[in-house]
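Biologist: I would like to learn how to read a model of this kind, feature by feature. Could you take me through it slowly, with the general idea before each case?

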Amino acid sequence: MKAPLHPRQDERLKALQGYEVLDTDPEKDFDDIVKLASSICGTPISLVSLIDSERQWFKASIGLEMRETPIEQAICSHAILEEEFLEVEDTLQDERMINNPLCCSDPGLRFYAGALLKTPDGLPIGTLCVLDHKPRKLTPLQRDAIKVLARQVMAQLEMRKALNSAATMRQEVDHRVKNSLQSLSAFVRIQERRLQTDEAKSAMSKIMTRIDAVSTLHEYLYKTDAGSNVDLGVYVSNIVEYLTETAPAHVTMEFAPVSVIVGSQQAVSVGTLVNEFVANSFKHAFPDQREGVVRIELSMPSPGIVSVTCSDNGAGMTPDITTQSGGLGMKIAEIACMELRCELDLRIAARGVTASIEFTPEPRPQYRR
C-alpha cells in the first residue's frame with residue numbers, strides 16, 4: 001500500500017533538497033550511526049532513509065545491499081506520517097505493508113522501527129530505522145536510543161548545511177574582493193602612467209606589489225575554498241607563475257616549494273616580500289640583457305619553522321644597503337618582516353643577492369601528504 005502524501009509535502013521536499021545530501025557518497029559519520037543502532041537493537045538491518053518524491057534513498061545502511069527503493073515500497077513513507085516514532089512488530093499483520101514486496105518476499109522484512117528525522121521546523125525528511133526478518137519488539141531503552149541517534153543524524157545534516165552555506169558565502173566574498181582588487185589594480189596602473197617623477201612612479205609600483213599579493217591570495221581562496229588558512233607552497237607558486245609571465249626574456253624563474261599551512265595574513269606578507277624581491281631583481285640585477293636566474297625557495301629547517309629564501313645571481317647591490325638605509329623597497333621588506341615577526345637576512349655577493357626569513361606559522365604548521 002502506497003502511503004498518502006505528507007500534509008506539507010512541498011515544504012518537506014524543499015527542506016530535504018536544502019540539505020544537498022541525496023545521491024552523495026557514503027560517509028563514516030552516518031555509517032557509524034547505523035552500525036550503533038543495529039548493535040543496540042540487535043537487528044541485522046539499519047538505515048538512514050530519506051524520503052524523496054518518488055523513492056526512498058539510503059544515506060547509510062547496514063545489512064541491505066540496495067541504495068534506494070521505489071516510494072511504493074518505502075515503509076518509511078508511512079513512518080513520516082507519524083509524530084515521532086513508528087514500530088511495526090509484524091509487517092504482515094499491518095494492512096499498510098501486508099502487500100509490500102519487501103515484506104512478502106523470502107526472507108521478507110517482518111519487523112520495522114523508525115524514529116523520524118525532523119528539521120528544526122518540524123518537517124520529516126526521513127527516518128533512522130532498524131529492521132529484522134522476523135517479528136519482534138523493542139525495549140523502551142532501545143526505542144529511546146533510536147530517537148537519540150536520529151537526532152544525531154539531524155545534527156550531522158544541519159552541520160553540513162551550515163558549513164555549505166558558510167563556504168558559499170565565503171567564496172562569494174572572496175570573489176567580490178578579488179574583483180574589487182582587480183579594479184583597484186587597473187586604476188593604480190592608469191595613475192602610474194600619468195606620474196612624472198621616478199620617485200612617485202616607484203611609490204606607486206610598491207602599492208601595486210601589495211595589491212598583487214592580496215589579489216593572488218583571494219584568487220587562491222576563491223578557487224580552493226581554503227578559508228582563513230593557506231597552503232603557502234600553492235600560494236607562492238601562483239605568485240611565481242604570475243611573475244614568470246612578466247620576467248625579461250633573459251631571466252629564468254625557479255621555485256622550490258614545501259607544502260605548509262599558514263594564516264592568510266602571513267601568506268600576504270610572504271607574497272609581498274617575494275613580489276618585491278623579484279621585481280627588484282628583474283629591474284636591477286641583470287643589466288645589458290645579462291642572463292640569470294631568480295630563485296624562490298620554501299623549506300622547513302626545523303619543526304614549526306618556515307624559511308623563505310629569495311636569491312638571484314645578478315649584479316648584486318651596494319654592500320652598505322640595509323633595511324634602515326635602503327629605499328622604499330627595503331621599507332616594504334621591513335614591514336613584511338614586522339608582520340611575520342621575523343628579521344630579514346640580506347646577503348650580498350659578487351654575483352647576486354640573497355634575502356631570507358624564518359618565521360613561525362600561525363596556526364601551528366599542518367602538513368599535506
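Biologist: Where does glutamine 289 lie?

Modeller: This is a predicted model, and every value I quote is computed from it. Glutamine 289 lies in the loop between H8 and S10.

Biologist: What is the phi of glutamine 289, and is the residue buried or exposed?

Modeller: The general idea is that most residues other than glycine have a negative phi, and most peptide bonds are trans. Glutamine 289 has a positive phi of about 60 degrees although it is not a glycine, and because its relative accessibility is 60%, it counts as exposed. Aspartate 23, in the loop between H1 and H2, also has a positive phi, near 65 degrees, and is likewise a residue other than glycine.

Biologist: Which residues does a cis peptide bond join?

Modeller: A cis bond joins aspartate 106 and proline 107, with omega at about 0 degrees, and proline 107 is found in the loop between helix H4 (101-104) and strand S5 (111-118).

Biologist: Let us turn to the overall make-up. How many helices and strands does the protein chain have?

Modeller: The protein chain has nine helices and 13 strands, and of its 369 residues, 46% are buried. Contacts can also be sorted by how far apart the partners are in sequence: among those with a separation of 6 or more, 66% join residues 24 or more positions apart.

Biologist: How should I read a sheet, and what is the strand order in the open sheet of six strands?

Modeller: One reads a sheet by its strand order, its pairing sense and its edges. Here the order is S3-S2-S1-S6-S5-S4, with antiparallel pairing. Strand S3 (68-70) and strand S4 (85-88) stand at the edges, each with a single partner strand, so one side of each is left without a neighbour in the sheet. From one strand to the next, the twist averages 25 degrees. Within this sheet, S1 (residues 45-51) and S6 (residues 124-132) run antiparallel and are joined by six bridges, with serine 49 opposite threonine 127 in S6.

Biologist: Which strands do H1 and H2 lie across?

Modeller: Helix H1 (residues 9-18) lies across S1 and S6 and runs at about 115 degrees to S1, whereas H2 lies across S1, strand S2 (55-62) and S6, running at about 75 degrees to S2. Valine 34 is placed in H2 (residues 28-41), and because its relative accessible area is 1%, it is buried. Beyond its neighbours up to four places away in sequence, valine 34 touches Ser46, Leu47, Val48, Ala60, Ser61, Ile62 and Leu128.

Biologist: How do S8, S10 and S11 pair?

Modeller: Both senses of pairing occur among these strands: S8 and S10 pair in the parallel sense over six bridges, while S10 and S11 run antiparallel and are joined by seven. Valine 251 stands opposite glycine 292 in S10, and serine 302 stands opposite isoleucine 305 in S11. The hairpin of S10 and S11 has two residues between the strands, and in it glycine 304 takes a positive phi near 80 degrees.

Biologist: How should I think about a core, and which residues touch the most other members of the largest one?

Modeller: In soluble globular proteins, nonpolar side chains tend to be buried together. The largest nonpolar core has 38 residues, of which Leu232, Val274, Val308, Ile357 and Phe359 touch the most other members. Among the elements that give two or more residues to this core are helix H7 (232-246), helix H8 (264-285) and strand S13 (352-359), and H8 gives the most, with nine. Apart from this core lies another, of 28 residues, among them Leu22, Cys41, Ala150 and Val153.

Biologist: How does the span of H8 agree with its number of residues?

Modeller: At 1.5 Å a residue, the 22 residues of H8 should span 32 Å, and its end C-alpha atoms are 30 Å apart, which agrees. H8 is mostly covered, with 16 of its 22 residues buried.

Biologist: How many disulfides does a search of the whole structure find?

Modeller: The search finds zero disulfides. Cysteine 104, for instance, has its nearest cysteine sulfur, that of cysteine 103, 6.5 Å away, and because its relative accessibility is 45%, cysteine 104 counts as partly exposed. Cysteine 41, by contrast, counts as buried because its relative accessibility is 1%.

How values were computed: Residues are numbered from 1 along each chain as its sequence is written. This is a predicted model: local features need pLDDT of at least 70, side-chain atom pairs count only at pLDDT 80 or more; totals for chains, interfaces and linings use all residues. Side-chain values use heavy atoms; hydrogens and water are left out. A nonpolar core is a set of buried Ala, Val, Leu, Ile, Met, Phe, Trp, Tyr and Cys residues joined through side-chain atoms within 4.5 Å. Buried means under 20% relative accessible area, exposed over 50%, partly exposed in between (1.4 Å probe, protein chains only). Helices (H or I, at least four residues) and strands (E, at least two) are DSSP runs, numbered from the N terminus. A disulfide is a pair of cysteine sulfur atoms within 2.5 Å. Contact means heavy atoms within 4.5 Å. Two strands pair if DSSP finds at least two bridges between them. Axes are lines fitted to C-alpha atoms, for helices over the stretch in contact, and angles run from 0 to 180 degrees between N-to-C directions. The expected span of a helix is 1.5 Å times one less than its number of residues.
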